[in-house]
Amino acid sequence: MFQLQVTMNSNKGFRPVSTLVNVPSVAEFKADPLKYRNEGVLRICAKRGWTWQDVQRFGYDSNIRFRVYDKEKIEREKAERYEQIKKERGWT
């Protein structure tokens, strides 16, 4: 099982919104990506109290993306980026 981050970008200048969806396997996702897309949109709408009309009004309906959410990789990249910033600014 892995987690998939579903991100909706607005074409009207609003900030992106995202949520995590649990997917049993890559084969399941490739068989029916629309199912997981819809699950992500429903989770975002439930969390924010939106309806589909709100999603369309804010311009979030046109650009919906997926990515594998790997927490360890994200934390490692954050730490590397922080070390680079420290070197650039002369903190170490």
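**Note on charges and selected residues in a predicted model**

1. Lys-73 has a relative accessible area of 41%, so this residue counts as partly exposed. The structure discussed here is a predicted model. Lys-73 belongs to helix H4, an element that spans residues 71-89 and that comes up again in several points below.

2. Lys-73 is one of the residues of a positive patch on the surface, together with Arg-65, Arg-67 and Arg-76. Two elements, strand E3 (63-69) and H4, each give two or more residues to this positive patch.

3. There is also a patch of negative charge on the surface, made by Asp-70, Glu-72, Glu-77 and Glu-80. Of these, Glu-72 is placed in helix H4. Its relative accessibility is 57%, and because exposed means over 50%, Glu-72 falls in the exposed class.

4. How many salt bridges does the structure hold? The number is three. They are taken one by one in the next three points.

5. One salt bridge joins the side chains of Arg-57 and Asp-54, with an N to O distance of 2.5 Å. Both residues are in helix H3 (residues 52-57), where they sit three residues apart, or about one turn of the helix. The partners differ in exposure: Arg-57 is partly exposed at 49% relative accessibility, whereas Asp-54 is buried at 15%. The value for Arg-57 does not pass the 50% cut-off, so the label is partly exposed and not exposed.

6. A second pair is Glu-75 with Lys-78, whose closest N and O atoms are 3.9 Å apart in the salt bridge. A salt bridge requires the nitrogen to be within 4 Å of the carboxyl oxygen, so the pair is counted. Because Glu-75 and Lys-78 are three residues apart in helix H4, about one helical turn separates them. Both ends are partly exposed, Glu-75 at 39% relative accessibility and Lys-78 with a relative accessible area of 45%.

7. The side chains of Glu-83 and Lys-86 form another salt bridge, at 3.3 Å from N to O. These two residues are also in helix H4, three residues apart, which means a separation of about one helical turn. Which partner is buried and which is partly exposed? Glu-83 is partly exposed, at 38% relative accessibility, while Lys-86 is buried, at 16%. Buried means under 20% relative accessible area, so the value for Lys-86 puts this lysine in that class.

8. Away from the charged residues of helix H4, Thr-7 is part of strand E1 (residues 2-9). Thr-7 is buried, as its relative accessibility is 12%. Leaving aside residues up to four places away in sequence, Thr-7 is in contact with Pro-16, Val-17, Ser-18, Asn-63, Ile-64 and Arg-65. Among these contacts, Arg-65 is also a member of the positive surface patch.

9. Gly-13 is located in the loop between E1 and strand E2 (17-23). Is this glycine buried or exposed? Gly-13 is exposed, given a relative accessible area of 72%. From C-alpha to C-alpha, Gly-13 and Tyr-36 are 25 Å apart in space, and in sequence they are separated by 23 residues.

How values were computed: Residues numbered from 1 in each chain as written. Predicted model: local features only at pLDDT ≥ 70, side-chain atom pairs only at ≥ 80, totals over all residues. Heavy atoms only, no water. Patch = residues over 30% accessible without salt bridge, like charges linked within 9 Å, V, L, I, M, F, W, Y side chains within 5 Å. Areas by Shrake-Rupley, 256 points an atom, 1.4 Å probe, with all protein chains shown as cover. Lys, Arg positive; Asp, Glu negative; His and termini not counted. Charge placed at Lys NZ, Arg CZ, Asp CG, Glu CD. Helix = DSSP H or I, 4+ residues; strand = E, 2+ residues; numbered from the N terminus. Buried < 20%, exposed > 50% of the residue type's maximum accessible area, 1.4 Å probe, protein only. Contact = heavy atoms within 4.5 Å.
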